[in-house]
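Here are a few quick notes from my pass over this one. Have a look at the model first, then read on.

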Amino acid sequence: MAGRLITFEGGEGCGKTTQIALLSQRLQRAGVTVVTTREPGGSPLAEQLRSLLLHALPSTTETIQPLTELLLMSAARCQHLAYTIQPAHAAGQWVLCDRFHDSTWVYQGHGRGIEPVVIATINRLVLGTLLPDLTLVLDISPEIGLQRARDRDGGNDRFAREELLFHQRIRQGFLDLVEQQPQRCCLIDASQSVDQVAERIWSRVEEMGIGLC
Ligand SMILES: Nc1ncnc2c1ncn2[C@@H]1O[C@H](COP(=O)(O)OP(=O)(O)OP(=O)(O)O)[C@@H](O)[C@H]1O
Ligand SMILES: [Mg+2]
């Protein structure tokens, strides 16, 4: 049985977590063993790093530097890969991951302005030869996505609090990514209803051949 890695990407509040839950249910009904996980996070240590990354430092004078953010995200991914993703993948399970290395490319690259070559090098170092089989990029205007996140829980993490221009760069970064890697990345219009988005995702996932696993 071949394991699969499907990643969900996109800006704040675009619907990643909602759609992962729906796809997971649907795959399980089709007889697939599914592991859902998230980044940053997905292992005990990586979840601790997530708390550090998503919440502002208590100090008013020290901020997380872009390179520190990149290295902590990447450190979390190392743990996540070793303890969650690789074992599940090797066991023939389908891993659905809420954000992955493309978020690093877009947030720390387009968002924070770190040189693409630096991010590409670190991503390669962490991932080795592993790449997602499919990356679903949920696209929505940042205004709507941020409003959804605010309506959900205040939308108050360190990234959600960034200015609108930051979120516009993130959206463009994901759109560029889909254009650059069309075989792996699939653009999904996330402004549609939850059910419509789920149907679009399902039809793309079905193209991968669920019956073959
Ligand atoms: N297609 C949709 N239409 C309207 N509301 C939606 C849609 N999809 C999700 N929502 C709602 O918008 C909010 C954000 O969705 P969700 O938490 O799935 O997004 P997310 O991409 O995981 O956000 P984050 O980037 O903060 O993790 C939730 O309250 C969810 O119920
Ligand atoms: Mg989410």
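The points below cover one strand and its partners, then a single leucine. Keep in mind that this is a predicted model.

1. Let's start with strand β4, which spans residues 134-139. The strand is mostly covered, and six of its six residues come out as buried.

2. Which residues sit on each side of β4? On one face you'll find L134, L136 and L138, and on the other T135, V137 and D139. Both faces are covered, with the residues on either side all buried. Note that D139 is on that list along with T135 and V137.

3. As for partners, strand β1 (residues 4-10) runs parallel to β4, and five bridges join the two. If you want a spot to check the register, I6 stands opposite L134 in β4.

4. Strand β5, residues 185-189, also pairs with β4 in the parallel sense, over five bridges. Here the handy register marker is V137, which stands opposite L187 in β5.

5. Now over to L72, which lies in helix α3 (residues 66-90). Is this leucine buried or partly exposed? Its relative accessibility is 23%, so L72 counts as partly exposed, given that buried means under 20%.

6. What does L72 touch beyond its neighbours within four places in sequence? The contacts there are L49 and L53. On the backbone side, the C-alpha atoms of L72 and R50 are separated by 8.7 Å, with the two residues 22 apart along the chain.

Methods:
Residues numbered from 1 in each chain as written. Chains lettered and ligands numbered in written order. Predicted model: local features only at pLDDT ≥ 70, side-chain atom pairs only at ≥ 80, totals over all residues. Heavy atoms only, no water. Helix = DSSP H or I, 4+ residues; strand = E, 2+ residues; numbered from the N terminus. Buried < 20%, exposed > 50% of the residue type's maximum accessible area, 1.4 Å probe, protein only. Contact = heavy atoms within 4.5 Å. Pairing = 2+ DSSP bridges.
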